[in-house]
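Q: Got a minute to go through this one with me? I'd like the overall fold, then the core, then the surface.

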Amino acid sequence: MFIAQDFPPTRAECGVIRIPRLSPIVRGVIDRPGFSFGTYMANQPGGPTEVHTWIGTIFAELRDLELRLLVGQLQSSLSGTSTETSRHV
């Protein structure tokens, strides 16, 4: 369970990264010893699966965070303040 007040962003542009849960069946496959996301994604068994969608969602969240951080840096540069001292990404 996620409670937003327990995880306040350190900067306004950071926001929240949401990583959805996998179904119990897929989680069981991933938790097996020797499972490799890289191998799984390279083989693409039977086309897109729940794992592909899950990974795509996480990448989209990380891209969104990166863009927000870049916009924050740009805004800081334009206003003449530095974010280098508070940068903990």
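A: Sure. The chain has three helices and zero strands, and bear in mind that this is a predicted model.

Q: What pattern does the chain follow along the sequence?
A: Reading along the sequence, you get α-α-α.

Q: How much of the chain is buried?
A: Of the 89 residues in the chain, 18% are buried.

Q: And what share of the contacts links residues 24 or more positions apart?
A: Counting contacts with a separation of 6 or more, 54% come from residues 24 or more positions apart.

Q: OK, on to α3. How many residues does α3 have, and what distance does α3 reach?
A: Helix α3 covers residues 50-79. That makes 30 residues, and from the first C-alpha to the last α3 reaches 43 Å, close to the 44 Å expected at 1.5 Å a residue.

Q: What comes just after α3?
A: G80, which takes a positive phi of about 90°.

Q: Which residues of α3 are buried?
A: The buried set is V51, H52, W54, I55, I58, L65, L69, G72 and S76.

Q: What do those buried residues pack against?
A: Against α1 (24-30) and α2 (37-43).

Q: Now the core. Which residues make up the largest nonpolar core?
A: Eight residues in all: L22, V26, I30, Y40, V51, W54, I55 and I58. Both α1 and α3 supply at least two residues of this core.

Q: Which helix gives the most to this core?
A: That's α3, with four residues.

Q: You listed V26. What is V26 in contact with, leaving aside its neighbours within four places in sequence?
A: E50 and V51. V51 is itself a member of that core.

Q: Switching to charges: how many salt bridges does the structure hold?
A: Two. In one of them the side chains of R27 and D31 meet, at 3.0 Å from N to O. R68 and D64 also form a salt bridge, with their closest N and O atoms 3.3 Å apart.

Q: How are R68 and D64 placed in helix α3?
A: They sit four residues apart in the helix, so about one helical turn separates R68 from D64.

Q: Why do R68 and D64 count as partly exposed?
A: Partly exposed runs from 20% to 50% relative accessible area. R68 is at 23%, so it counts as partly exposed. D64 is at 36%, so D64 is partly exposed as well.

Q: What about R27, what is its relative accessible area?
A: R27 has 47%, which makes it partly exposed.

Q: Last topic, the surface. What area does the chain expose, and how much of that do carbon and sulfur atoms supply?
A: The chain exposes about 6900 Å², with carbon and sulfur atoms supplying 61%.

Q: Which residues make the nonpolar surface patch?
A: I17, I19, F59 and L62 make a nonpolar patch of about 360 Å².

Q: Where does L62 lie?
A: In helix α3, the helix that also gives the most residues to the core.

Q: So why does L62 count as partly exposed?
A: Because its relative accessibility is 40%, and buried would need under 20% while exposed would need over 50%.

Technical notes: Residues are numbered from 1 along each chain as its sequence is written. This is a predicted model: local features need pLDDT of at least 70, side-chain atom pairs count only at pLDDT 80 or more; totals for chains, interfaces and linings use all residues. Side-chain values use heavy atoms; hydrogens and water are left out. Patches are made of residues with over 30% relative accessible area and no salt bridge: like charges are joined within 9 Å, nonpolar side chains (Val, Leu, Ile, Met, Phe, Trp, Tyr) within 5 Å. Accessible areas come from the Shrake-Rupley method with a 1.4 Å probe; for residues, only the protein chains shown count as cover. A salt bridge is a side-chain nitrogen of Lys or Arg within 4 Å of a carboxyl oxygen of Asp or Glu. Buried means under 20% relative accessible area, exposed over 50%, partly exposed in between (1.4 Å probe, protein chains only). The expected span of a helix is 1.5 Å times one less than its number of residues. Contact means heavy atoms within 4.5 Å. A nonpolar core is a set of buried Ala, Val, Leu, Ile, Met, Phe, Trp, Tyr and Cys residues joined through side-chain atoms within 4.5 Å.
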